[in-house]
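I opened this entry to look up two things: the surroundings of the ligand and the empty space inside the protein. The structure goes in first.

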Amino acid sequence: MFSRDSEGRATVAGRPLGAILDAAGVTTPAYVYDLGAMEAEACELMGAFGEQPHLVAYAVKANTAGAVIRTLAAAGCGAEVGSAAELAVAVRAGLTPDRLLLSGMGKTVAAIDAAISSGDRGIRAIQVDSVDELSRIADRARSLGRRARVALRVNPGVMADTHEAIATGHDDAKFGIAMRDLDAAYSALGRGVADLELVGLGGHVGSQLTRTDEYLEGARAILAIAAAVPSAVRRPSADGARLELVDFGGGFGIDYGDGCPVRPADFARAATLLVQEGMPGATLVVEPGRSLVGAHGSLVASVVATKRSGSRRWLVLDAGMTDLLRPALYGARHRIESLDAAPTSTDPTWRVVGPVCESTDDFGEFSLGDPPPSRVVIRDAGAYGYTMASHYNGRGFPAEVFVHADGRIATSNAHDAASWIEGRSAS
Ligand SMILES: Cc1ncc(COP(=O)(O)O)c(C=O)c1O
């Protein structure tokens, strides 16, 4: 957990961040992750389901580090993956096929084949994003001599109260099968019934949800659809009708500094009640990414320059949009604080920016004192941080440091600037 010690130094897992970087032997920019806190986060969420059969499928896209996936898998999580590569990383982290879900639009043949071929009967479910995709998956299953376990990702037509770029369940969203296309999906399922096994239904209304309302609205819509699935396409089961699982997606919000009144467990408890009423016996799947890892990663950066131009004071970091894209991508604000003791006077306001050749490489305005600190910490960067990193401007990827629950420190620095220079020069 991020905190400050008695000397005012920023700490993670009770240790000063600066000392963690020294022990790891890395320089800035560097992500530091608290694996023990991620594990505690997963345990708290899983405890909220009580006796309800459930699968917490960690959305690997939030943070693909093997150490993170292994930590969450050991705590009992499965994984939701969005590509063949993410599937491979999850498998290498030890996740068995029954704990894996493949989603995403535009799935490649490689991803579909890997999902169908995993283990004895394929992964738990391929979440089908369109009617057309059903036929593609049926074709691949036939070629592989297998039956593909599929779940329909439905777009429940819900506008989530979040940033428009991460609201995904409304009528104009690119994801999922629209309600009006469900009949066509059932027809395609009927045609492919020899190759496809419909095991569930799901949806994902959006990310960074700070209230449960729209999540539950989406959940109710999905349960209503599940109740009306034609018997011709349902998987035969002991009671003749039931689907094996229902998946309400991820999206549980975290506190980026403005507060977040609900905890992931609040979503889980409310969703459990709905499933117990509407689909008793089904496995309830949730797909949290951000809420498991976001608050437990910090990006440490050094100040490389200060300057005054116009009416502004600029503070230029060695971390930018190539390390943490969210501010440039959709105006996200991350708290930026001094790594060492916080300044006694918070004036003046600095416009904190990265070194990349884009005006949107801008983290916003922060009061960091005068003189400003030499190193800062960008908080709550554990989700959609490193996974969105790029080599733009020939920049290396930031280092990553993992603080294990037992105090061990490990690093990964696989894509530094030197390997980028090698790769580009050889092309
Ligand atoms: C299908 C799906 N599931 C799960 C997630 C994870 O969302 P979050 O990180 O907000 O929990 C996403 C995020 O984009 C998603 O698209």
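My notes on the ligand site come first, then those on the cavity search. I note at the outset that this is a predicted model.

Ligand site. I looked up which residues surround the ligand and got 14, the closest being Ser 207, Gly 251, Glu 287, Arg 290 and Tyr 384. Sorted by class, this shell holds five charged, six polar and three nonpolar residues. I then asked where the ligand sits, and the answer is the largest pocket.

Polar contacts. I checked three of the closest residues. Glu 287 uses its side chain: one of its N or O atoms there is 2.5 Å from a nitrogen atom of the ligand. Gly 251 uses its backbone, with an N or O atom 2.8 Å from an oxygen atom of the ligand. For Arg 290 I also found a backbone contact, a polar atom 2.8 Å from a ligand oxygen. On its own the ligand has 390 Å² of accessible area, and the protein covers 90% of that.

Cavity search. Rolling a probe the size of a water molecule over the atoms shows where empty space is left. I searched the whole structure and found one cavity of 30 Å³ or more. The largest cavity has a volume of about 40 Å³. Its lining includes Met 1, Phe 2, Val 12 and Ala 295. Two elements, β4 (30-34) and β14 (297-309), each give two or more residues to this lining. Which gives the most? I found that β4 does, with three residues. By class I recorded six nonpolar, three polar and one charged residue in the lining.

How values were computed:
Residues numbered from 1 in each chain as written. Predicted model: local features only at pLDDT ≥ 70, side-chain atom pairs only at ≥ 80, totals over all residues. Heavy atoms only, no water. Near = heavy atom within 4 Å. Polar contact = N/O pair within 3.5 Å; in protein donor to acceptor, adjacent residues only side chain to side chain. Areas by Shrake-Rupley, 256 points an atom, 1.4 Å probe, with all protein chains shown as cover. 1 Å grid on protein atoms, 1.4 Å probe; cavity = no way out; pocket = protein on both sides within 12 Å on 5 of 7 lines; lining within 4 Å. Sits in = over half its atoms within 2 Å of the grid points. Nonpolar A, V, L, I, M, F, W, Y, C, P; charged D, E, K, R; others polar. Points joined across faces, edges and corners; volume = space filled by probe spheres on them. Helix = DSSP H or I, 4+ residues; strand = E, 2+ residues; numbered from the N terminus.
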